[in-house]
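Let's take a friendly walk through a few spots in this protein, from single residues to helix packing. Have the sequence and the structure open as you read.

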Amino acid sequence: FPKLTSPYLLPVLSSVWQDVLNLRVRYLSEYVNSNDSTGESFQDSDGETIGFESLLFVQFDFIQMACRRRKVTQSAFVGQGDQAGILPELVWNLLSFLQMTDDQADTWIADPNQFIADEEDDSYSFNVRIAAQDLLASLMDNFEQETLRALNLSVQQEITNSVSAKSSGHTSWWKSQESSLLAVGLFAGTLCDVIKTGGQPPIDVGALFDHVVLQNLAEHDFPFLQGRSFVFASQFATILPANLASQYVSAAVEAILNSPSAVVKVSALKALNNFMQYLDKQYTTPFQKSILQGIAPMMEMTTEESLSLILRTLISTSKINEQVAAEFESTLGPLVLESWAKYPAEHLISFDIMDLFDTLTANQFMQPALSARAMPVLVSMITIENADKGKVASAIDLLKSLVQGAPTPLPPNYVAQFFSNLMSVLMTTNDRDILQSGQECLTFVIQKGVQQISEWRDAASGKTGLDLIIQLIAKLLDPSQTESAALFVGDMISKLIKKGGDLVSPIIPDLLNAVTLRLADAKLPTFIQPLVMVFAQLCLNQHDVVIGFLHGININGRNGLEILMSAWLANHADFQGLYNQKVSTVALAKVFSSGDPRIAEVKVNGDLIVPQSSRIVTRSRARNTPDQFTVTTVPVKIVRLLSSDLISKYEEEEQAGDSDFDDEDGDEDWEDEDDGKSKSDFALLSDMLDSHGLDMDGDEEEETDPDVLADPVYQMNMKQYLVDFFRQCVQQNPPAFVQGVSELNETEKRTLSGLLEN
């Protein structure tokens with residue numbers, strides 16, 4: 001109820017702020033500088049402990065909410081006229097709450113793995129230190145310049161106080177320096193951007209390096225301060241002068257090799273990850289061997305948290321120079337295989353293990369030795385007798401990585417090493433994960449070694465490898481098989497047709513007939529797309545043959561053309577992957593340009609008919625009343641879809657040129673909405689929307705398939721291609737084009753007309 005609470009917000013904020021001020025001294029004395037931090041506490045009905053820290057959590061949370069209500073609270077935070085705001089003192093206070101408690105320090109020294117778990121950016125832990133970071137970040141989002149200026153003054157004050165405390169013999173002098181570096185490091189990206197553009201940063205980062213960070217690297221008696229200095233330096237790696245960059249990398253490597261403190265080693269690992277991500281290879285290449293030598297022994301004393309950090313460091317280090325990394329195959333090979341064997345397939349750490357294995361198999365200098373080492377291990381796991389289905393699927397994923405990294409064509413007798421075990425498992429299981437992994441693996445095997453598959457023969461039945469592949473495809477396309485289990489069979493068929501040549505040409509009609517039959521009742525969009533792409537690929541060069549073939553198919557009274565075009569046109573707009581989108585667009589344009597009357601006869605769904613009833617649509621009523629659509633012809637639908645594609649391309653270019661986001665407060669009628677959204681918030685949301693929530697990393701994966709990269713369609717400028725297509729349509733003016741354009745709304749018509757005229 002933002003409007004109802006607005007009159008009370010400033011008075012309550014004032015009370016909360018005064019309370020936070022008063023609690024700072026108590027927090028420092030009872031928690032930061034004391035091992036006796038039990039304090040007053042009790043347990044609620046859910047068993048949660050409620051105490052002093054709980055009070056700080058909700059107070060920080062309230063201040064976060066208040067700073068987002070800037071229309072009401074801005075004057076309180078940044079001041080107005082001669083009246084000062086609370087922001088400078090609030091930021092200074094937060095540096096105290098950011099300080100490490102004695103309990104935390106003791107726990108983390110005793111258990112470095114807990115140190116990693118608690119201090120990771122995506123930590124599941126929550127404490128006052130983390131809550132203070134959240135509040136500082138919220139202040140930065142809403143009052144960036146004021147927060148940075150306040151932080152600069154606060155850090156200077158804390159550094160001065162810590163120097164005095166050190167000279168006076170206070171043993172906790174280092175904590176305020178550590179929290180100051182932690183706070184500034186939170187905004188390293190923003191500060192680096194200012195410095196790289198030649199601006200004057202609001203925080204004197206240079207002075208911190210000259211007078212604090214360099215000295216702290218030698219503070220061996222204070223491992224947390226020494227470790228924080230390593231991490232801090234790496235956060236500003238992009239602006240480090242050449243001499244300092246080499247110096248800091250060298251110091252981090254030295255710490256990994258020789259520091260007696262596990263805390264320092266962990267911090268140095270974090271720093272090296274940043275250095276390898278942001279520094280030019282010239283600064284890290286000289287230390288690659290030392291890093292690999294120093295990290296390997298740490299594997300023996302790791303738990304899950306530290307293993308993840310070590311694996312990420314190994315991934316980065318192995319990419320510096322592949323020839324150097326290959327010298328360590330005898331260390332890295334057993335290390336990654338033992339880690340894989342140790343953890344369950346569904347464990348979170350398995351993603352890091354898989355990433356490292358992918359990195360090593362992609363190393364052409366290491367691949368032969370690693371393949372010789374890993375192949376027997378993986379084949380022994382891919383058996384019908386293995387009851388651990390997750391491990392079987394995971395072993396097939398590693399096998400796929402081996403095949404993907406192997407040369408093209410595959411070395412002699414490569415396929416024979418695993419083909420029998422792999423096909424036996426795939427032909428006898430209905431496990432979804434195993435079947436999905438198997439399809440992906442076989443797609444790469446077909447791409448690189450279809451000749452070896454055709455030459456392989458089963459000793460018992462005499463069947464060739466291609467016979468078994470066709471048998472597996474038939475199993476996956478059978479209507480009794482779940483769509484999710486057969487998710488990648490379309491990709492496998494496309495690759496088989498593309499690479500098989502004369503080996504598979506006699507069976508292509510049967511394959512296409514089976515795909516059409518399965519497409520007739522397919523429901524899952526992610527299953528439909530690869531099946532449609534089988535035909536879309538063929539339509540690029542043989543659309544007349546495809547149209548003729550499908551016109552001759554009849555499945556339960558439905559024409560094959562109707563089955564394909566209905567599924568294709570209903571899902572085209574949602575196809576995933578840049579290459580697939582381009583293939584679909586070009587193939588549809590070719591189908592339209594063919595002018596084939598058999599295409600014009602096919603009817604498909606047009607627009608959704610919105611019910612005019614005022615009755616509330618319940619879920620049961622919606623189930624009993626399926627969506628209804630207008631009916632249109634395939635050519636008209638193609639025109640509408642491709643015009644939408646062209647307009648979308650134009651709008652994407654427009655948005656790319658205008659990426660400014662309104663950072664002002666939103667409508668105050670929305671109580672819980674963040675009024676001051678940062679650009680990164682919008683970018684993350686747009687990434688998820690663009691990928692329909694399927695890509696959790698936000699960005700589209702970089703294309704690595706050499707067949708795709710070599711395809712002229714992949715290199716096409718789709719905006720220009722569609723402009724040329726529509727200009728040709730304007731000249732020829734076929735009826736389907738006229739009708740398709742007439743069904744666009746006025747805005748779409750104007751945009752399309754403007755694009756064609758330019």
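## Thr147 and its surroundings

Thr147 is buried: in this predicted model, its relative accessible area is 0%. Because the cut-off for a buried residue is under 20%, Thr147 falls clearly into that class. You will find Thr147 in helix 8, which covers residues 144-167.

What does Thr147 touch, once residues up to four places away in sequence are set aside? Its contacts are Leu87, Val91, Leu136, Leu139 and Met140.

## Phe62 in helix 2

Another residue to click on is Phe62, which sits in helix 2 (residues 52-68). Beyond its neighbours within four places in sequence, Phe62 is in contact with Leu9, Val12, Leu13 and Val16.

Trp17 offers a way to set sequence against space here. From Phe62 to Trp17 there are 45 residues along the sequence, while the C-alpha to C-alpha distance is 9.9 Å.

## The buried side of helix 16

Helix 16 spans residues 288-295, and its buried residues are Gln288, Ile291, Leu292, Gly294 and Ile295. These residues lie on the same side of helix 16, because they cover an arc of only 165° around the axis. As a reminder, an α-helix has 3.6 residues a turn, so residues three or four places apart point the same way.

Which helices do the buried residues of helix 16 pack against? On the N-terminal side of the sequence listing you can look up helix 13 (242-258), helix 14 (262-278) and helix 15 (281-284). The list also includes helix 17 (304-318), helix 18 (322-326) and helix 19 (329-342).

## Where helix 5 meets helix 6

Helix 5 (residues 102-110) packs with helix 6 (residues 112-119) at an angle of about 125°, and their axes are 5 Å apart. That angle is why helix 5 is described as oblique to helix 6.

From helix 5, the contact involves Thr107, Trp108, Ile109 and Ala110. Their partners in helix 6 are Pro112, Gln114, Phe115, Asp118 and Glu119. By type, the residues of this contact comprise five nonpolar, two polar and two charged.

## Cysteines

A disulfide is a covalent bond between the sulfur atoms of two cysteines. How many turn up in a search of the whole structure? The search finds zero disulfides.

Are Cys67 and Cys729 buried or exposed? Cys67 is buried, at a relative accessible area of 0%. Cys729 also counts as buried, with 4% relative accessibility.

Terms used
Residues are numbered from 1 along each chain as its sequence is written. This is a predicted model: local features need pLDDT of at least 70, side-chain atom pairs count only at pLDDT 80 or more; totals for chains, interfaces and linings use all residues. Side-chain values use heavy atoms; hydrogens and water are left out. Axes are lines fitted to C-alpha atoms, for helices over the stretch in contact, and angles run from 0 to 180 degrees between N-to-C directions. Helices (H or I, at least four residues) and strands (E, at least two) are DSSP runs, numbered from the N terminus. Angles under 35 degrees count as roughly parallel, over 145 as roughly antiparallel, 65 to 115 as roughly perpendicular and the rest as oblique. Contact means heavy atoms within 4.5 Å. Ala, Val, Leu, Ile, Met, Phe, Trp, Tyr, Cys and Pro count as nonpolar, Asp, Glu, Lys and Arg as charged, and the others, Gly among them, as polar. A disulfide is a pair of cysteine sulfur atoms within 2.5 Å. Buried means under 20% relative accessible area, exposed over 50%, partly exposed in between (1.4 Å probe, protein chains only). The arc is that of the directions from the helix axis to the C-beta atoms.
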